[in-house]
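Trainee: I would like to go through this structure with you and ask how the labels are justified.
Mentor: Go ahead, one label at a time.

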Amino acid sequence: MPLTRKAYRAAILHSIADPAVVGIEASYEYFEDGLLVTENGQISAIGPACELLASLPSDIQVTHYQDALITPGFIDTHIHLPQTGMVGAYGEQLLDWLNTYTFPCESQFADKAHAEEVAGIFIKELLRNGTTTALVFGSVHPQSVDSFFEAARTLDLRMIAGKVMMDRNAPDYLTDTAESSYVDSKALIERWHGKGRLHYAVTPRFAPTSTPEQLTLAGQLLSEYPDLYMQTHISENLQEIEWVKELFPERKGYLDVYDHYKLLGERSVFAHGVHLCDDECARLAETGSAIAFCPTSNFFLGSGLFNLPMAEKHNLNVGLGTDIGGGTSFSLLQTLNEAYKVMQLQGARLSPFKSLYLATLGGARALRLEDKIGTLQPGTDADFLVLDYNATPLLSYRLKQAKSIAETLFVLMTLGDDRTVLQTYAAGNLVHQR
């Protein structure tokens, strides 16, 4: 195979550690005039342009961006493919919202043609917004996952997804059985897990919609395939928490339900966690599990404010989730805008470098993929973005006043959206051009 070596010159910024652990200054690398070199889908070098240019062969193509910032691709640790068609549905909190909008919308995925159409729209939206990896809920129908993985594989994207397991407390037209969910999931695992850059996630929707038998089989799948992911929801809404107590009176609490069925672990990601207590955070951290912080969704559905400082105190891995369609934007820049406000309302600060960490390396660590994505370190996948400082007139004017990379980054996260993403690269290939 011929070498495909390319170089990209611009301002370059990436997280190399969690600011909450090492302090802000040691948490990132920034090159005001930087060079990123890629080779065969991976990053082979990063550094100041003045040092690296001299070492490049004369025939290498160098793409030079003015007024732009290169960052790692964004990582969305919680999003629903089948809810693309109902984003921005009015006026309900979680449980009523599921019954009124979500379940009817998800029922359409029984039709493979519909699933394929939405998968195409969904992936296009992810890439337009600079998201190169996502942890994705399908619907209860296996074809929702087939359609998504088929579209993702065509573009050689690193994606994780799973078929929803849901055998009670949902409409008859949308439930599976404990046994069928196990059989269907197993077939999807055999077909897709580890193919190219694709991974499978065992996906019980949340404790109230799975019987103990189904949760037992979800745990069994994880024991049969040790490198699988597990994704579900936890402690999003106070009504939901009370419902879990009624359905599982023998368990100590919501997390204990999942713990009992052996669903905690190093590749387990629990969405929301708005109402977790200290003990639950400690248990999640102890098992290597992660939380997906979904601020736009938590605001939109009136669920509450995620306590990031408490998670940090326990060294709990936290990624960022848009939670489409409870969330209202595919943009992780917009999601970070909301995350900042969540912290403000709790009297806490969210630095722009912690924000960058959550959207990139933090998400990669939550998914145990930090050796492959989330930074621009040599040897990792060439999944990166070019952010345009002149994407809108206001952004352009405001950034001219910025005195530091911290200020520039914060302005990108408060005023930026899909328009800010000039180009998205995955495995070294251009997969979105604005």
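Trainee: Which residue forms a salt bridge with Asp417?
Mentor: Arg419 does, with the closest N and O atoms 2.7 Å apart. A salt bridge is a side-chain nitrogen of Lys or Arg within 4 Å of a carboxyl oxygen of Asp or Glu, so this pair qualifies. Bear in mind that this is a predicted model: local features need pLDDT of at least 70, side-chain atom pairs count only at pLDDT 80 or more, and totals for chains, interfaces and linings use all residues. Residues are numbered from 1 along each chain as its sequence is written, and side-chain values use heavy atoms, with hydrogens and water left out.

Trainee: Why is Asp417 called buried?
Mentor: Its relative accessible area is 15%. Buried means under 20%, exposed over 50%, and partly exposed in between (1.4 Å probe, protein chains only). Asp417 at 15% is therefore buried, whereas Arg419 at 44% counts as partly exposed.

Trainee: How many salt bridges does the structure hold?
Mentor: The structure holds 26. Another of them joins the side chains of Lys313 and Asp278, at 3.0 Å from N to O.

Trainee: What makes Lys313 and Asp278 a link between distant parts of the chain?
Mentor: The two are 35 residues apart, with Lys313 in helix H12 (residues 308-313) and Asp278 in helix H10 (residues 278-286). Helices (H or I, at least four residues) and strands (E, at least two) are DSSP runs, numbered from the N terminus.

Trainee: Is Lys313 buried or exposed?
Mentor: Exposed, because its relative accessibility is 56%. Asp278, at 32%, counts as partly exposed.

Trainee: How do you know that the second largest pocket lies between two domains?
Mentor: Domain 1 (5-72 + 375-433) and domain 2 (74-330) both give residues to its lining, so the pocket lies between them. Those bounds come from an automatic or database domain assignment.

Trainee: What makes a space a pocket?
Mentor: On a 1 Å grid over the protein atoms alone, a pocket is an open set of points where a 1.4 Å probe fits, with protein on both sides within 12 Å along at least five of seven lines; lining residues have an atom within 4 Å of a point.

Trainee: Which residues are closest to the centre of the second largest pocket?
Mentor: Of the 16 that line it, they are Asp18, Asn315, Leu316, Asn317 and Tyr357. Helix H12, which holds Lys313, is one of the elements that supply at least two lining residues.
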